[in-house]
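Reader: I've got the sequence and the model open side by side. Can we walk through it together?

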Amino acid sequence: MKLFVKALTVIDSSYLDTTRGMVGESYQVDVELDGRVNDQNMLLDFSLVKKQIKSIIDDVVDHKLIVPTQVAGISVVGTQQQQIRFPLNTGEAIVLNGPAEAYCLLESECVSIAGLTAYLEHAILSQLPNNITGLKLNLSHEKIDTPFYHYSHGLKKHDGNCQRIAHGHRSRLDIFLDDKWEHGLVDHWAKAWQDIYLGSMEDKVDLADLSIQCDQQQQSYAFQYTASQGLFELIIPQRLCQLLPLDTTIESLTEYLCHTIKADHPTCKVKVMGYEGIGKGAIVELD
Ligand SMILES: Nc1nc2c(c(=O)[nH]1)N=C([C@H](O)[C@H](O)COP(=O)(O)OP(=O)(O)OP(=O)(O)O)CN2
């Protein structure tokens, strides 16, 4: 007997990669359970499938930075507050300091959908009732036929997990000039924000102001803030980052895109639909 739930949840996270740097991701999650029915003649009540499995996925990976810990030269120090120095293959590094709950440490050399799926399946199955003998997850990307981008950010004013300084999204973007969808503009922004960290100028500090030590980070930006989960710090190469004069909520990002595009096309009606991951976002229009 099997039970399935499609589109159980969406994981919005970021991961570290020695080539790409920090990559924002959104995965849709489907689940299939295997086992014997219980005395309610159910494998597992759908409401428990939704609540319990979603809550495990949230605890293990959602809104976290996924760090492959078998990369040569990586260092992970600390227990409750962890400092991570992640080497890039250009010789640069991404350095973080934050509460342990903001990271998902994966024992591998890189992050892949297959590796993450196996890790989550193991974590979930061990917490389900004994009549459930197997579990299969399907993590998939939203099918986007147009150019899209991967961004990472942190929202220090958010009272939930979006305050974590490095989580992200894989997002589509729609731009219209005088009601016509503009491939050229969408493509431009998708390239500009391909694997980008969107940092608020307000959170930028001097390297010397950080509580962590840093070595060769001359061409890097440093960010720091304290939110309800604790102190968050990040050092990231400037080339992987765009500084913005705003909080990086989807409302502000979409407004920023719309105003920037309007400045180049003053006589056009501009409409931008900015997405934060899958199926949600903001719309801004300027006449
Ligand atoms: N109006 C807005 N609300 C939220 C924003 C935002 O920009 N504008 N941003 C966030 C976070 O960045 C977050 O990454 C997105 O949250 P979400 O995927 O909705 O997370 P939840 O855990 O609340 O939802 P699930 O899909 O159930 O995991 C938050 N809100």
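**Ligand shell, sheet and core**

Author: Sure, and keep in mind that this is a predicted model. Let's start at the ligand: 14 residues surround it, and those that come nearest are Val10, Asp12, Cys162, Thr249 and Ile250.

Reader: Which element supplies the largest share of the shell around the ligand?

Author: Two elements, β1 (2-17) and α4 (250-264), each give at least two residues to that shell. The largest share is three residues, and it comes from β1.

Reader: How does the shell divide into nonpolar, polar and charged residues?

Author: Gly goes with the polar residues in this count. The split is then four nonpolar, six polar and four charged.

Reader: On to the open sheet of six strands: which strands are at its edges?

Author: The order runs β4-β5-β6-β15-β14-β13, with antiparallel pairing. An edge strand here pairs on one side only, and that leaves β4 (75-77) and β13 (204-205).

Reader: Which residue in β14 stands opposite Lys204?

Author: β13 pairs with β14 (residues 220-227) in the antiparallel sense, over two bridges. Opposite Lys204 in β14 you'll find Phe223.

Reader: Which strand gives the most to the largest nonpolar core?

Author: That core has 62 residues, and Leu65, Ile66, Val67, Ile94, Leu234 and Ile236 touch the most other members. With six residues in this core, the strand that gives the most is β2 (residues 21-35).

Reader: And what is Ile236 in contact with, leaving aside neighbours within four places in sequence?

Author: Ile236 is among the core residues that touch the most other members. Leaving those sequence neighbours out, its contacts are Met22, Ile94, Tyr197, Ser220, Tyr221 and Cys241.

Key:
Residues numbered from 1 in each chain as written. Predicted model: local features only at pLDDT ≥ 70, side-chain atom pairs only at ≥ 80, totals over all residues. Pairing = 2+ DSSP bridges. Helix = DSSP H or I, 4+ residues; strand = E, 2+ residues; numbered from the N terminus. Near = placed C-beta within 6 Å. Core = buried A, V, L, I, M, F, W, Y, C linked by C-beta atoms within 7 Å. Buried ≥ 20, exposed ≤ 12 C-beta atoms within 10 Å, placed from the backbone. Contact = placed C-beta atoms within 7 Å.
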